[in-house]
Amino acid sequence: MSRGLRRTNVPYFLALFLEVAVFYRHVLFERGYLFPWDFRAVHLPLATFVAASFRRGEMPLWDPYTYCGNPIFANIQTALFYPPVLAATLASNWLGAGLLPHLLAFAVALQVFFAGLCTFALVRKLGAQPAAAFVSATVYQLGCFFAAQAEHMGAMHGASWIPLVWWCVVELRAGLRWRWLAMLAVALSLTVLAGLPQVAVAAFGSALVLALMLAAFGMARVKLALQVLAAWLWALLLAAVQLIPTAELTRNSVAKFRVEWLKTGGGIKLGALYSLVVPDYWHVFDLSKFHGPGDPTFLYLYCSLLGLALAVAAVVWKPDRTVRAFALLLLAATVWMLGDSTPIGRTILQALPTGIRIGIHPEFTLPVFALGLAVLAGLGANRFLRPRWQMAAGVL
């Protein structure tokens, strides 16, 4: 068993589970309390249609009610082939259709907990003590992305697999092991099946960048990048059951005309960086007072002041090779998620073909940013905090 998931770490796992249960307590345990916006208006109606189809003994292939009919299985946001969403949808037919919203919410919460577990294992693999790994796991699972993006169910599910993706890449630095390569391919394919391709793009891209960073700092051979590319291909084949129909639907729908009105590549506004220190700088907690630019869910980057301080300390004070590799990965993620907001990001986006640029949505690189910051926070805690203070740091 990987040392990151040994039984001696069970107290940390229980603490991570309790964190998630408390954080999402309203939506999990209060009747009538739901995730907002797209969860109610997009994801829940799709899941309701799928559940009703299964109750009638039909495959959910065609939706006759929307746009004069459309192949609903080809709509990637339906997440028909994503196991947690499918399980929650089927369970609602056995336990009661009225429980579907809560079952979907439970699936999201369990995936967030899974993300915390994999972050813990990743940082342990990087050499940190359990309490320091707990800091990383807490910063990621309670940090900016999962806190702000609950309405985007596909994004939440997709981002939950990124820690496992990185963990697999780190395991492969010692040489090709088919078990870890297969796990990497499966994890990447699930980011696709989760239902938001933009997060999948971030996951695929971050895996390759991480491999290149590890090779650049002498912690892996260059062929690690080739192994990641092989996992890309394998993952795309595994996800083909969704990718092929979705691509066909896109070619035969108005989606192909998005280029005519979406002129730029987008990205998170530069002012969002204020929220790293002042979480409610733009009043995203009370939308009646909101005064920020763009989408309020992308103006919240807070991942704890202590976590930010530990990450910065790890980078600026005698960083080792591991810290440097993840610091550069974090920098790349930051530039990419800001998109048009920086000259570098704008130049890169404008160099891409329009058809690709409009489908990337660089703001959904936010989970890569959040995970990079979380990893550095754990590495900082491992260096600068005594073991008895590391657990407290995770709680704070």
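In this predicted model, a nonpolar patch on the surface is formed by Leu176, Trp178, Val186, Trp234 and Leu238. Together these five side chains' residues offer about 490 Å² of accessible area. Two helices, α10 (178–193) and α12 (223–238), are the elements that each give two or more residues to the nonpolar patch. Trp178 is a helpful residue to pick out when viewing this region: its place is in helix α10, and its relative accessibility of 58% makes it exposed, because exposed begins over 50%.

Charged pairs come next. The structure holds four salt bridges, and among them are two that share Glu171. One joins the side chains of Glu171 and Lys125, with 3.5 Å from N to O. Since Glu171 belongs to helix α9 (residues 162–172) and Lys125 to helix α5 (residues 100–125), this pair ties together parts that are 46 residues apart in sequence. The side chain of Glu171 also meets that of Arg177 in a salt bridge, here with an N to O distance of 3.0 Å. Lys125, Glu171 and Arg177 are thus linked in a network of salt bridges.

The members of this network can also be described by their accessibility. Glu171 has a relative accessible area of 4% and is therefore buried, the limit for that class being under 20%. Its two partners are classed otherwise: Lys125 is partly exposed, at 30%, and Arg177 is likewise partly exposed, at 33%. The network therefore joins a buried acidic residue to two partly exposed basic ones.

A further salt bridge is found between Glu58 and Arg56, whose closest N and O atoms are 3.3 Å apart. Glu58 counts as partly exposed because its relative accessibility is 38%, and Arg56 falls in that class too, at 49%.

Two histidines draw attention through their backbone. His283 has a positive phi of about 60° although it is not a glycine. This residue is found in the loop between α13 (240–251) and α14 (305–316), and at 29% relative accessibility it counts as partly exposed. His361 also departs from glycine in identity while having a positive phi, of about 55°. The loop that holds His361 runs between α17 (354–360) and α18 (366–384). With a relative accessible area of 19%, His361 is buried, because the class takes in values under 20%. Both histidines thus sit in loops between helices, with His283 partly exposed and His361 buried.

Val20 gives a view of the interior. This residue lies in helix α1 (residues 10–23) and counts as buried because its relative accessibility is 3%. Which residues surround Val20, leaving aside its neighbours within four places in sequence? Val20 is in contact with Ala109, Val112, Phe113 and Gln141. Of these, Ala109, Val112 and Phe113 have numbers that fall within the range of helix α5 (residues 100–125), the helix that also holds Lys125 of the salt-bridge network. For a sense of scale across the model, Val20 and Pro343 are 323 residues apart in sequence and 38 Å apart in space, taken from C-alpha to C-alpha.

How values were computed: Residues are numbered from 1 along each chain as its sequence is written. This is a predicted model: local features need pLDDT of at least 70, side-chain atom pairs count only at pLDDT 80 or more; totals for chains, interfaces and linings use all residues. Side-chain values use heavy atoms; hydrogens and water are left out. Helices (H or I, at least four residues) and strands (E, at least two) are DSSP runs, numbered from the N terminus. Buried means under 20% relative accessible area, exposed over 50%, partly exposed in between (1.4 Å probe, protein chains only). Contact means heavy atoms within 4.5 Å. Patches are made of residues with over 30% relative accessible area and no salt bridge: like charges are joined within 9 Å, nonpolar side chains (Val, Leu, Ile, Met, Phe, Trp, Tyr) within 5 Å. Accessible areas come from the Shrake-Rupley method with a 1.4 Å probe; for residues, only the protein chains shown count as cover.
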